[in-house]
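Visitor: I would like a close look at a single part of this model, with the rest brought in where it helps. Please keep to what can be read from the structure itself.

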Amino acid sequence: MSYEKPIHEALDDLVEKLESLQAEKSGQIEDTGKVSASLDRLAELIADLEVQRSRENKLTQKLEVVINQLERLTKEPLFRSEAQKKDLELTLRKIIAGTRTVGQVIEIIANSVQIMFDSILKTFNDFKVTANQNTRSSKINSLDLARVLEPMNTFLRSLATNIEKKSNAESTASSEDTPGVSGSKQA
């Protein structure tokens with residue numbers, strides 16, 4: 001003797017399954033909306049960085065003009081003492097080093113943001129594909145947060161390394177500059 005469910009129980013089970021599928025689909029749509037909003041914000045930030053990069057390039061060009069003029073002035077024979085010449089040379093070297101550092105930092109930031117943006121787009125597109133495939137097989141799927149945050153982690157590490165290198169260079173330069181500056185004041 002086979003046992004069959006009454007029609008109302010079968011219909012109740014069917015309604016429950018449809019409600020759970022609808023809730024799952026709503027959750028996926030909400031997640032997709034959040035990711036889309038984040039991507040829009042990221043695109044705005046990248047545009048702002050490009051504008052900032054353009055401004056910094058113009059500043060770099062102006063600094064190069066100033067550096068060239070200062071180099072020309074240092075080559076001209078002027079009536080300067082040795083201490084003044086060393087101070088001027090030291091100042092010029094600091095300006096040149098600062099300009100190079102700013103350029104490197106800008107390049108690191110721009111490259112890291114581009115990598116983050118590409119990775120997030122790839123993750124989002126992978127999520128769309130797997131979400132569409134899993135909707136048919138009724139599996140729950142969500143974004144892999146570790147994959148989204150990996151480029152940010154890389155960016156922060158490279159920025160920390162650059163800051164550490166810069167502070168080491170500055171401490172080395174300041175330890176080398178200290179005897180020369182005190183000697184020039186005594187002269």
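Visitor: Take Glu44 as the starting point: does Glu44 count as buried, partly exposed or exposed, and at what relative accessibility?

Guide: This is a predicted model, and what follows should be read in that light. Glu44 counts as partly exposed, because its relative accessibility is 45% and the partly exposed class runs between 20% and 50%. The side chain of Glu44 meets that of Arg41 in a salt bridge, with 3.4 Å from N to O. Both residues lie in helix α1, three residues apart, or about one turn of the helix. An α-helix has 3.6 residues a turn, so residues three or four places apart point the same way. Arg41 is partly exposed as well, with a relative accessible area of 45%.

Just before Glu44 comes Ala43, also in helix α1. Ala43 has a relative accessibility of 37% and so counts as partly exposed. Across the fold, the C-alpha atom of Ala43 is 9.9 Å from that of Val113, although the two residues are 70 apart in sequence.

Val113 leads to the interior. It belongs to the largest nonpolar core, a group of ten residues that also includes Leu42 and Ile46. The other members are Val35, Leu39, Met116, Phe117, Ile120, Phe124 and Phe155. Helices α1 (7–75) and α2 (82–137) each supply at least two residues of this core. The largest share, five residues, comes from α2. In soluble globular proteins, nonpolar side chains tend to be buried together. One member, Phe124, touches Thr32, Val35 and Leu39, with residues up to four places away in sequence not counted.

The buried positions of α1 are Gln28, Val35, Leu39, Leu42, Ile46, Glu56, Thr60 and Ile67. Among them, Val35, Leu39, Leu42 and Ile46 are core residues. The list of buried residues in α1 also holds Gln28, Glu56 and Thr60, which do not appear in the core; a nonpolar core is defined over Ala, Val, Leu, Ile, Met, Phe, Trp, Tyr and Cys, so Gln, Glu and Thr are not eligible.

The helix itself can be checked for length. With 69 residues at 1.5 Å a residue, α1 should span 102 Å, and its end C-alpha atoms are 100 Å apart, which agrees. Towards its far end, α1 contains Glu71. Glu71 is partly exposed, its relative accessible area being 31%. Its C-alpha atom is separated by 8.0 Å from that of Leu92, a residue 21 places away along the chain.

The Arg41 and Glu44 pair is one of three salt bridges in the structure. Another joins Lys34 to Glu30, where the closest N and O atoms are 3.4 Å apart. Lys34 and Glu30 are four residues apart in helix α1, which means a separation of about one helical turn. Glu30 counts as partly exposed at 47% relative accessibility. In helix α2, the side chains of Arg93 and Glu89 meet at 2.8 Å, N to O. These two residues are likewise four apart, about one helical turn. Arg93 counts as exposed at 54% relative accessibility, whereas Glu89 is partly exposed at 39%.

As for the setting, the protein chain has three helices and zero strands, in the order α-α-α. Of its 187 residues, 17% count as buried. Contacts between residues 24 or more positions apart make up 77% of those with a separation of 6 or more. The exposed surface comes to about 14,400 Å², and carbon and sulfur atoms supply 57% of it.

Helix α3 contributes as well. Asn162 has its place there and counts as buried at 11% relative accessibility. Beyond its neighbours within four places in sequence, Asn162 is in contact with Val105 and Ile108.

Confidence should be weighed alongside all of this. The chain averages a pLDDT of 77, and 78% of the residues score at least 70. Among the elements, α1 has the highest mean pLDDT, 88, while α3 (residues 145–186) has the lowest, 68. Over residues 179–187 pLDDT stays under 50, and the model has four contacts beyond four places in sequence for that stretch.

Notes. Residues numbered from 1 in each chain as written. Predicted model: local features only at pLDDT ≥ 70, side-chain atom pairs only at ≥ 80, totals over all residues. Heavy atoms only, no water. Core = buried A, V, L, I, M, F, W, Y, C linked by side-chain atoms within 4.5 Å. Buried < 20%, exposed > 50% of the residue type's maximum accessible area, 1.4 Å probe, protein only. Contact = heavy atoms within 4.5 Å. pLDDT = per-residue confidence, 0-100. Expected span 1.5 Å × (residues − 1). Areas by Shrake-Rupley, 256 points an atom, 1.4 Å probe, with all protein chains shown as cover. Salt bridge = Lys/Arg side-chain N within 4 Å of Asp/Glu carboxyl O.
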